[in-house]
Amino acid sequence: MRVSRRTILQSALIAAASGTAGTVRAQSRGKILEAPVRWIDGAAPEAHAGQTFGMAWPRGTVAKGQALTVRAGGEAVPSQSWPTAYWPDGSIKWTAHAIAAGEGGVDRLSVGAGRPAVPKAPVSVRETADAIFVRMGGLEWEIGRSGTAAVRAARRGRRVLLSNARLLGELRAGSEDGERVPLAGTIARAVVEQSGPVRAVIRLEGKHQGGGRTVMPFIVRLYAYAGSDALRIVHSFIYDVDKADFVSGLGIATDVPMRGALHDRHIRLATGSDAMFAEAVRPLTGLRRDPGTAFREAQVAGKAVPPVAEMAAPVGALLERIPPWSDFSLSQLSANGFTLTKRTGAGHGWIDATEGKRALGFGYVGSPQGGAAIAARYFWQRHPGQIDIRGATGETASLTAWLWSPDAKPMDLRPYHGTMGMETFAAQNEGLQITYEDYEPGWDEPLGIARTSELMLWALDATPQTPLLQAMARSAVTPPQLMAEPATLHAAGVFGDWGLPDRSTPQRARIEDQLGRLIDFYDGEVDRRGWYGFWDHGDVMHSYDADRHEWKYDIGGFAWANSELSPDLWLWYAALRSGDAKTFRLAEAMTRHTGEVDVHHAGRFAGLGTRHGVQHWSDSSKQPRVSNVSYRRIFYYLTADERVGDLMRALSTSEEALKTVEIGRKVPSRDPTPLPAGTIQMSFGTTWSVLAGAWLTEWERTGDRKWRDRIAAGMDSIGRLERGWLAGTAPFDYKSGRFLGPGDKVSLSHLNAVFGAVEINAELLQLLDVPRYRTAWLDYCRWYNASREAFVAQFGTAGGGRNLRQGHSRLTAYAARATSDEGLARRAAEEFYSADAGMGMTEGDPRRTLPGGIVEWPGVSTNGASQWGLAAIQTLALVPEALDVVPVPAPRRRGGAGGGD
């Protein structure tokens with residue numbers, strides 16, 4: 001019996017309502033749902049500075065304008081809600097919800113119909129011609145619309161707690177050892193994106209200026225949450241520095257008024273998750289003469305000491321003989337080592353205070369009358385970082401979080417090798433044959449890549465107790481995160497074909513076990529292999545060299561993965577179905593990396609990403625398949641992250657880059673016939689499906705039908721081609737969005753479906769009724785993995801090389817589910833278990849530990865892991881019964897999935 005998608009969704013809602021993971025309760029005649037939310041770490045955090053999360057809703061259940069609220073323990077908590085996506089019928093598909101700092105202190109919350117509660121001290125925004133004022137209770141932040149001060153001041157009443165919070169940069173002019181050129185971030189535009197009552201968002205845009213240079217455009221967002229003393233800062237910049245110069249510093253600094261006696265001024269630097277360097281500018285402990293217990297205890301606690309007159313003699317009279325410490329510097333120049341030094345002032349020597357492995361990137365300076373703290377997320381992971389405090393003995397101290405330490409070597413983004421005689425396409429293709437690197441002189445520059453960093457900036461009334469500072473540091477390093485229950489997301493029918501973890505049979509449990517182990521393996525490899533550094537953190541390696549027991553970090557296109565064969569999607573679908581914190585954060589770090597560093601955001605390659613390579617930007621193949629919106633949108637909808645929203649929106653017109661950049665590289669077209677003006681040869685999978693993902697996202701975010709119509713035009717025109725999707729590619733007309741020509745030749749590419757095409761087409765066919773396209777897609781799904789004999793009998797040709805049989809098993813599974821074909825379902829299971837160009841099913845845990853702490857998964861490659869993971873998740877969702885009955889071949893070592901692109 002055929003089962004409709006509506007029936008499946010209704011069943012999922014019933015199942016979720018009866019499950020132990022949370023309830024999805026019908027309200028208001030069964031249309032508005034009470035949807036559960038949970039902390040991804042499994043329990044409410046010790047502290048949080050405000051939360052934003054996303055919620056998905058089944059089609060037709062939530063109308064525009066419906067008031068929604070967040071509840072904890074059945075009681076409404078202060079919250080703010082807004083829509084982030086719509087279904088084609090205009091009902092709300094995704095919403096975002098913000099809760100105030102410290103609220104929701106229970107393990108599970110929910111979202112449902114109702115008027116949201118208002119914070120006792122709401123966030124409010126007041127705008128003037130020159131500034132934006134954000135009030136959070138008694139704390140007011142003044143944000144500049146121009147100039148170099150992003151935050152001009154944070155005030156509690158008339159008392160200034162911090163001032164002149166600014167963006168810093170530094171260049172080495174002309175060479176790595178050239179003159180240091182300081183840069184200041186200069187604001188050109190400020191926009192209020194949200195104005196409370198729970199959350200306010202201010203967007204600042206500008207460029208860094210200094211030494212006659214205007215470089216590194218930035219977008220900085222400031223987030224204010226009710227109940228918080230902090231601004232969350234999301235700092236994004238584009239690298240556009242002339243190749244003659246070297247970036248040698250990048251950071252955010254603020255000035256902090258220093259009040260009171262030197263012995264009442266406090267320095268705090270987090271040196272570990274439960275370790276804090278806690279000292280005073282002028283220490284009263286450890287002296288030859290004891291000032292008294294009350295004085296020592298007060299100073300250590302960060303409180304004002306009793307009057308000096310009460311000190312034990314002779315300390316009070318000799319305070320000026322105790323050297324005061326003005327400057328402190330915690331420098332994390334590698335992932336595994338930091339040093340903390342201090343000095344009494346400029347012109348005097350630095351004294352080693354302590355050292356350790358991994359600092360948290362948190363610093364505080366202040367007194368019992370007020371101070372400021374700053375923290376940088378991924379501090380040691382994105383080395384070289386630094387926390388500096390300067391001038392603590394004066395009237396004003398500076399507190400700086402360096403995202404790139406000026407004490408480290410400058411950024412060196414030069415090409416890692418020369419031309420090596422590869423001036424011609426013929427020689428370049430020889431290089432591709434031997435190292436798998438697609439090299440072309442001039443195409444290996446980093447111009448236009450970007451990086452986003454996350455920070456917290458606190459304005460504090462007094463020096464907090466050390467346990468509170470430690471909690472603040474931990475929450476900045478590993479921000480708590482709310483996420484809708486996987487059962488709720490699944491019931492909403494979003495993101496195509498996936499299911500909840502299923503261990504109901506031995507075979508399914510075995511697949512689930514391998515999914516878990518594989519993610520655990522990659523999570524462990526990040527640390528074991530040191531996949532860290534400012535430009536590298538978040539990515540993983542592509543291929544493994546079993547002879548060296550090392551990933552191929554230095555071999556052409558085998559080094560960094562750069563989203564090749566969709567590791568981003570694998571991790572996000574795994575996080576969707578499990579809600580697991582480790583998987584979520586691994587996917588989050590990858591999204592922060594691949595959407596920024598692996599993509600050009602300005603210049604001639606803007607809108608295109610770079611194929612996998614030794615440097616993230618060094619390969620000459622610039623492709624939409626890497627800048628893929630499908631790799632970002634799950635994170636966006638789960639978190640409502642505005643920066644990722646910007647990146648996706650920018651890609652809605654990325655096809656413009658294809659007019660001037662030849663993404664076919666050095667492979668000449670098989671058809672020498674010139675294309676008509678305004679057209680380009682375009683593949684259906686690695687290009688059009690990628691673009692369709694961007695258009696779909698823009699359509700559902702805005703409701704603008706022009707994006708829907710552009711998708712539909714492409715779908716309909718593919719459906720009208722004689723061979724449909726099996727044609728693989730056709731001339732694409734930019735203006736109409738349609739494919740041209742007869743499409744009468746079969747041309748298969750093993751890459752067409754493995755860069756998000758499977759997943760995005762599952763969504764398109766759910767949302768748009770284009771019968772010809774549905775037929776064309778089902779034909780492709782049915783025939784791609786068919787036997788050579790059957791394929792030739794059907795089409796009279798082999799249609800080109802086919803590879804990645806295991807990864808394509810999910811296409812067969814899709815066709816089997818859509819047509820209720822048990823034979824196809826069995827074939828899909830056989831293809832999945834085959835391990836052809838993929839990974840085999842293992843008996844138990846295949847990992848082995850070698851001397852030196854090396855852990856190996858025999859035969860692993862990220863291509864194979866990614867496609868195996870996606871195939872496992874989707875075949876479990878589409879043909880689970882077939883997976884139960886088809887025998888699993890005995891484990892055997894196979895080569896990982898090749899790219900062959």
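In which strand does asparagine 164 lie? In this predicted model, asparagine 164 belongs to strand β13, which spans residues 159-172; the close-up views below begin with that residue.

**View A. Asparagine 164 and its backbone conformation in strand β13.** The phi angle of asparagine 164 is positive, at about 55°, although the residue is not a glycine. Its relative accessibility is 25%, so asparagine 164 counts as partly exposed.

**View B. The loop between β25 and β26, with tyrosine 378 and proline 384.** The loop connects β25 (370-376) to β26 (385-390). Tyrosine 378 is not a glycine, yet has a positive phi of about 60°. With a relative accessible area of 9%, tyrosine 378 is buried, because the cut-off for burial is under 20%. In this loop, proline 384 is joined to histidine 383 by a cis peptide bond, with omega of about 5°.

**View C. The cis peptide bond between glycine 196 and proline 197.** Omega for this bond is about 15°. Proline 197 is located in the loop between β14 (180-195) and β15 (199-210).

**View D. Surroundings of histidine 235 in strand β17.** Strand β17 comprises residues 230-238. Histidine 235 has a relative accessibility of 1% and therefore counts as buried. Leaving aside residues up to four places away in sequence, histidine 235 touches Leu167, Ile219, Val220, Leu250, Ile252, Leu403, Arg451, Thr452, Ser453 and Leu455.

**View E. An open sheet of three strands in the order β3-β7-β6.** The pairing in the sheet is antiparallel. Strands β3 (51-56) and β6 (79-86) each have a single partner strand and stand at the edges, so one side of each lacks a neighbour in the sheet. On average, neighbouring strands are turned by 20° against each other, direction ignored. Strand β6 is joined to β7 (residues 92-99) by seven bridges, and alanine 85 stands opposite tryptophan 94 of β7. Helix α11 (residues 684-702) packs on the sheet and touches β6 and β7, its direction making about 130° with that of β6.

**View F. Packing of helix α7 (residues 567-578) with helix α18 (residues 862-878).** The axes of the two helices are 8 Å apart and form an angle of about 40°; α7 and α18 are therefore oblique to each other. The crossing of α7 past α18 is left-handed. From α7, Pro567, Leu569, Trp570, Tyr573, Ala574 and Arg577 meet Thr862, Ala865, Ser866, Gly869, Leu870, Ile873 and Leu876 of α18. By class, this contact has nine nonpolar, three polar and one charged residues.

Technical notes
Residues numbered from 1 in each chain as written. Predicted model: local features only at pLDDT ≥ 70, side-chain atom pairs only at ≥ 80, totals over all residues. Heavy atoms only, no water. Pairing = 2+ DSSP bridges. Helix = DSSP H or I, 4+ residues; strand = E, 2+ residues; numbered from the N terminus. Axes fitted to C-alpha atoms, helices over the stretch in contact; angles between N-to-C directions. Contact = heavy atoms within 4.5 Å. Buried < 20%, exposed > 50% of the residue type's maximum accessible area, 1.4 Å probe, protein only. Parallel < 35°, antiparallel > 145°, perpendicular 65-115°, else oblique. Left-handed = near helix turned anticlockwise from the far one by under 90°. Nonpolar A, V, L, I, M, F, W, Y, C, P; charged D, E, K, R; others polar.
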